[in-house]
Amino acid sequence: MTILFSALLLGLMGSFHCAGMCGPIAIALPLHGNTVPQKIFGGTLYNLGRTITYGIMGAIFGLLGQGLQLLGFQQKVSVIMGAIMIISVLFPALFKNQYRMDKSWLSLVGKLKSSIAKMFAIRSFQSLFFIGMLNGLLPCGLVYMAIAGAIGIGGVVEGSLYMILFGFGTIPMLLAISLAGNVLSLTVRKRINKLIPVLVVIVGVLFILRGLSLGIPYLSPPKQKIEQKFEKSLQSESAELHEESKGDCCKVD
């Protein structure tokens with residue numbers, strides 16, 4: 001539960017970083033409708049589109065984490081993902097080239113931005129939703145940190161929920177920006193941005209504690225409890241598959 005709460009907090013605090021990176025898009029959004037409630041609805045659709053994309057990404061990378069669980073690497077993965085978060089903050093020089101892309105990636109991002117630009121010309125609620133979904137695919141260091149969390153937490157549902165909560169955390173700030181143009185001054189945003197690395201380190205420490213299984217309630221559950229939870233999940237999935245196969249056999253008869 002603490003880990004999932006950290007995703008919401010990461011999104012909430014990280015949204016001040018988003019204000020600088022994605023703020024121009026939020027400000028320029030072609031909010032559909034003439035009344036304030038309609039504009040709020042349009043802005044909410046845009047942000048829900050982003051959040052759904054994050055949720056899909058969380059499911060994909062959560063599946064990767066679940067696969068590592070099956071291999072018995074769950075705790076190690078949690079520790080490694082947490083360590084990556086901390087190292088990225090303490091030694092940013094190691095990651096200074098992480099956002100450099102080759103020509104194929106630059107071309108893909110260019111096409112993505114072109115698709116978003118075309119959507120801007122369509123003033124409708126539907127287009128706002130799809131702008132949000134496409135915007136969720138744009139490169140973002142903060143999203144990469146959240147993805148590391150989705151891998152570390154392990155599981156399709158858990159990974160998806162982690163990223164969805166992260167997305168929900170970013171909604172208040174970006175929705176306010178799209179409605180008001182700008183909410184906080186640049187000076188205030190810079191001050192809050194300085195707290196984001198601290199938050200990333202805290203989240204990283206939480207993942208490391210989780211992987212070490214120190215028996216700390218809510219923070220670092222014992223290894224047996226994690227294994228029991230995972231075994232119950234596997235048994236539940238196995239039972240469902242058995243029931244489905246049994247039903248198929250009955251249909252054949």
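How many aromatic pairs does a search of the whole structure find? The search turns up 4 of them, and two are described below. The model is a predicted one, and every value here is computed from it.

First, the general layout. The chain contains 11 helices and 0 strands, so its pattern along the sequence is simply α-α-α-α-α-α-α-α-α-α-α. Of its 253 residues, 39% count as buried. The accessible surface adds up to about 14200 Å², and carbon and sulfur atoms account for 69% of that. Contacts across the sequence are plentiful in one particular sense: taking contacts between residues at least 6 apart, 79% join residues at least 24 apart.Back to the aromatic pairs, of which the search found 4. In one of them, the ring centres of Phe41 and Phe125 are 5.0 Å apart and the planes sit at 75°, and planes over 60 degrees apart count as edge-to-face, so this pair is edge-to-face. Phe41 belongs to helix H3 (residues 36–70) and Phe125 to helix H6 (residues 125–135), which makes this a link between distant parts of the chain, 84 residues apart. How open to the outside are the two residues? Phe41 has a relative accessible area of 45% and is partly exposed. Phe125 is also in the partly exposed class, at 24% relative accessibility.

Another aromatic pair is made by Tyr54 and Phe166, with 5.6 Å from centre to centre and 55° between the planes, and it is tilted. Tyr54 sits in helix H3 and Phe166 in helix H8, so the pair ties together parts that are 112 residues apart in sequence. Here the residues are tucked away: Tyr54 counts as buried at 6% relative accessibility, and Phe166 counts as buried at 1%.

Helix H8 itself deserves a look. It runs over residues 156–180, which is 25 residues, and at 1.5 Å a residue it should span 36 Å. Its end C-alpha atoms are 36 Å apart, which agrees with that expectation. Even so, H8 has a kink of about 40° at Ile171, shortly before the proline Pro172.

What about the nonpolar interior? The largest nonpolar core has 35 residues, and Val143 and Tyr162 touch the most other members. The elements that give two or more residues to this core are helix H1 (2–21), H3, helix H4 (74–90), helix H7 (141–153), H8 and helix H10 (196–212). H7 supplies the largest share, 9 residues. Leaving out residues up to four places away in sequence, Tyr162 touches Ile3, Leu4, Ser6, Ala7, Ala146, Gly149, Ala150, Ile153, Val203 and Phe207. There is also a second, separate core of 9 residues, with Leu31, Val109, Ile116 and Ile131 among them.

Three single residues show how parts of the sequence meet in space. Take Arg50, in helix H3. Is this arginine buried or exposed? With a relative accessible area of 1%, Arg50 is buried, because the cut-off for buried is under 20%. Its C-alpha atom is separated by 9.7 Å from that of Thr170, which is 120 residues away along the chain. Setting aside neighbours within four places in sequence, Arg50 is in contact with Gly132, Met133, Asn135, Gly136, Gly167, Thr170, Ile171 and Leu174. Ile171, one of those contacts, is also where the kink in H8 lies.

Ile208 lies in helix H10 and counts as partly exposed, at 21% relative accessibility. Which residues does Ile208 touch, not counting those up to four places away in sequence? They are Ser78, Val79, Gly82, Ala83 and Ile86. With Gly82, the C-alpha to C-alpha distance is 5.2 Å, although 126 residues separate the two in sequence.

Lys76 is found in helix H4. At 55% relative accessibility, Lys76 counts as exposed, since exposed means over 50%. The C-alpha atoms of Lys76 and Gly152 are separated by 8.8 Å, and the two residues are 76 residues apart along the chain.

How values were computed:
Residues are numbered from 1 along each chain as its sequence is written. This is a predicted model: local features need pLDDT of at least 70, side-chain atom pairs count only at pLDDT 80 or more; totals for chains, interfaces and linings use all residues. Side-chain values use heavy atoms; hydrogens and water are left out. Helices (H or I, at least four residues) and strands (E, at least two) are DSSP runs, numbered from the N terminus. The expected span of a helix is 1.5 Å times one less than its number of residues. The bend at a residue is the angle between axes fitted to the seven residues ending there and the seven starting there. Rings of Phe, Tyr and Trp (its six-membered ring) pair if their centres lie within 6.5 Å; planes under 30 degrees apart count as stacked, over 60 as edge-to-face and the rest as tilted. Buried means under 20% relative accessible area, exposed over 50%, partly exposed in between (1.4 Å probe, protein chains only). A nonpolar core is a set of buried Ala, Val, Leu, Ile, Met, Phe, Trp, Tyr and Cys residues joined through side-chain atoms within 4.5 Å. Contact means heavy atoms within 4.5 Å. Accessible areas come from the Shrake-Rupley method with a 1.4 Å probe; for residues, only the protein chains shown count as cover.
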